[in-house]
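Biologist: I would like a close look at one part of this model, namely the place where the two chains meet and the core that goes with it. Could you take me through that part slowly, in connected prose, as you would for someone in a first year of study?

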Amino acid sequence: MANNEEKNNGVDINQLPSGPVEEWDPEKKAQALARRKKRRGEKPLGLSITSLMDITTIIMFFLMMSGTSDPLNVTQGLKMQLANSTANVSAADDTITILVDRTHIVLDGKAVVEIDCTIDKGQCTDADFEKLNKCEASPDDEICSKEIRLEVNKQDKEKADPNSLIIEPLRKELDKLVKEQMTENEALGRKFKGVVTLILDRNIPFRLFMEVIYTAGKVGVKGKGGLSQFRFAIVRVGAGA
Amino acid sequence: MAIPSDRRHKTELEELGDPDLIPIMSIMCILIVLLVVMLVMYDVKLQEISLPKFSTGGGGAASKVLNLAVLVGKDQHVIKIQGGGTEGKEVIVKKKKVRLCAATAACEDCSGPEYEDYDYAGLYAELYKLKESKDFTEVDSINIGADDNVRWQVIARTIDAVRQKLDKPVFPDACTYDRAFPLKVKRVAEDGKESQVIADLFPKIVFVML
C-alpha cells in the first residue's frame, strides 16, 4: 500500500474522484495534469521568451533602418573628427563624397592621396591623434596649441609644384568619376547635379581644403557642366540642436 | 482506453512544445550590440558654400560694388569693407580668453579651464552692426579667407557667425553666444502662406584665397 502511494507521488488512487476529468474539482484536476506531464518527462514551462524575441526583432530592425537610412554615413574615429557647427542642411543622395582625414584623401571609399602630418616638425603618431581628439574637452592641453601641418606631398601636385593648388591624383580620379556619372545620368535621362560633399577632419588647414575645392572645381566636361556646389559635413551643435 | 480526438490533438500539440528560441535570441543580442556600435550617435548636417574665388593680385580702380570680407588670421578676425560709403575700412576682432563651460552648467557658473580662442561673439556683433547699417541691408554675400594654417574648425565657426542672425545682437561672453538660438522671422510666400524662417545675416559664403 505504501509503495503504491509512493508510485503515485503520495496520492492514494482510491481517493481520486470518479467520472470525466472536466467534472473534477479544479485542484484535483491541476494535480492530475501535473502528474501526467511529469510522467511524460515534459519540463514545466519556464520563462516565455516569445515576447522578448518580438522586442529584440523590433529593436534590430530599428537599428538597421537608422544605420542605413542616412546617406551621409560618417564614422568619427582616431583620424577623423568632424567640425562643430550650427548649420542645419540635411544630407541628400546623389553627391560625390570626398573625405579628408589626417592621413588620406578618400574619394568614394578609395584612398587616392596620402597626407603628410607633422606636429612641431615631427611625424604625427596615433598617440598625437588621440590627444588632439581630446582638445575640445581640454583646450588648454599642450598639444592643442602646437602647430599641426597637414599637407599633400609636392609629388602629388600638378607639375610637382608645391605652390600649385591642383592635386593631380585627386583630379584624375574625380575626372573619371564625373564622366562616369554624367554618362549614367544621360542614359537615365537625369540632370547631372555636380554636388560635392566634403567630409573634413576639423584640423585640416585652410590651404589643404582650398586645394581640394580648387581641384574639384577644375573637373568637368565642356558644355556639360562640372562640380559647382560644395557642402561640408559637420556635427550639429548649439541651442537649436 | 481510447483518448477522445480533441484531447488527442491537444496531446499532440502539447508534445511539440514551444520552439527553442534561445539560439535565435543569442544571435539577435549579438547583432543588436554590433548595430548599436555602428550607429552614429551624433547629428551630421551640411554647410553649403560657393566656389572659391582666387585673387589675381594687383591693384585696380576701387569697385563701386559693396564687398565684405572676413579674413581669419592666426590671432584675430579682420573684417574688410570695400565700396560704398565705407571705403577701405577694417575692423579687427582679436582672440580673447574664454572659460570652458560644461553643457549642463549655467554660463555664470563656468568652472572649466581658461584658454585663448577666437572671439566669435565679437565677430558676430560687428557683422550684425554692419548688416543693420543702410549700406549693407541688401548685401547677402560675404567672402571668407584665412591664413594657410587656420584649421577647418575655426572656419566652420566663422561661417556660423556670419551666416544667420541670432536672438540678440550682442552677447556678453562666448558661453551665452554658443547657447543662443537663431532668430526666426515670419515670411509670407507668393501664395500667401506664412512660415517661420531663420533670419539671414550674410548667407552666401564665398571662400577667397589671397
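Modeller: What follows goes from the two chains, through the place where they touch, to the core and to the helices and strands around it.

Please keep in mind from the start that this is a predicted model, and that the predictor gives the complex an ipTM of 0.74 and a pTM of 0.73. For chain B the mean pLDDT is 81, with 78% of its residues at 70 or more. Residues 56–64 of chain B, however, have a pLDDT below 50, and in the model this stretch has four contacts beyond near neighbours in sequence.

Let me introduce the chains one after the other. Chain A holds six helices and ten strands, and of its 241 residues 24% are buried. When contacts in chain A with a separation of 6 or more are considered, 67% of them are between residues 24 or more positions apart. Chain B, for its part, holds five helices and ten strands, and 25% of its 210 residues count as buried. Among the contacts in chain B that join residues at least 6 apart in sequence, 61% are between residues at least 24 apart.

Now to the place where the chains meet, where 54 residues of chain A are in contact with 45 residues of chain B. On the side of chain A that touches chain B, the elements giving two or more residues are helix H3 (50–69), strand S1 (84–85), strand S7 (195–200), helix H6 (206–217) and strand S10 (229–236) of chain A. The largest share of that side comes from H3(A), which gives eleven residues. Sorted by class, the side of chain A that touches chain B has 30 nonpolar, 17 polar and seven charged residues.

The strands named on that side of chain A are also linked to one another. S7(A) and S10(A) run parallel and are joined by four bridges; within this pairing, Thr197(A) has Arg231(A) of S10(A) as its bridge partner, while Leu198(A) stands opposite Phe232(A) in S10(A). S1(A) also runs parallel to S10(A), with two bridges between them, and here the bridge partner of Ser85(A) is Arg236(A) in S10(A). A further strand, S2 (residues 96–100) of chain A, is joined to S7(A) by five bridges, again in a parallel arrangement, and Ile96(A) stands opposite Val196(A) in S7(A). S10(A) is mostly covered, with six of its eight residues buried. In S7(A) five of the six residues are buried, and therefore this strand is largely enclosed by the rest of the structure.

From here we can turn to the largest nonpolar core, which has 72 residues, and in which Leu198(A), Leu200(A), Phe209(A), Val212(A) and Ile155(B) touch the most other members. The element that gives the most to this core is helix H4 (residues 152–163) of chain B, with seven residues. If the neighbours within four places in sequence are left aside, Ile155(B) is in contact with Phe206(A), Val72(B), Ile144(B), Ala146(B) and Val150(B).

How many residues of H4(B) are buried? Twelve of its twelve residues are, so H4(B) is largely enclosed by the rest of the structure. The buried residues of H4(B) include Trp152(B), Ile155(B), Ile159(B) and Val162(B), but also Gln153(B), Arg157(B), Asp160(B) and Arg163(B). As for its length, the end C-alpha atoms of H4(B) are 16 Å apart, which agrees with the 16 Å that its twelve residues should span at 1.5 Å a residue.

Another helix of chain B, H3 (residues 120–132), has 13 residues and reaches 18 Å from its first C-alpha to its last, close to the 18 Å expected at 1.5 Å a residue. Among the buried residues of H3(B) are Tyr120(B), Leu123(B), Tyr124(B), Leu127(B) and Lys131(B). The elements that cover the buried residues of H3(B) include strand S3 (76–82), strand S4 (89–94), H4 and helix H5 (174–178) of chain B.

Finally, for contrast with these buried residues, consider Gly88(B), which lies in the loop between S3 and S4 of chain B. Gly88(B) counts as exposed because it has 9 C-beta neighbours inside 10 Å, and residues with 12 or fewer are classed that way. Its C-alpha atom is separated by 38 Å from that of Cys101(B), although these two are 13 residues apart along the chain.

How values were computed. Residues numbered from 1 in each chain as written. Chains lettered and ligands numbered in written order. Predicted model: local features only at pLDDT ≥ 70, side-chain atom pairs only at ≥ 80, totals over all residues. Core = buried A, V, L, I, M, F, W, Y, C linked by C-beta atoms within 7 Å. Buried ≥ 20, exposed ≤ 12 C-beta atoms within 10 Å, placed from the backbone. Contact = placed C-beta atoms within 7 Å. pLDDT = per-residue confidence, 0-100. Nonpolar A, V, L, I, M, F, W, Y, C, P; charged D, E, K, R; others polar. Expected span 1.5 Å × (residues − 1). Pairing = 2+ DSSP bridges.
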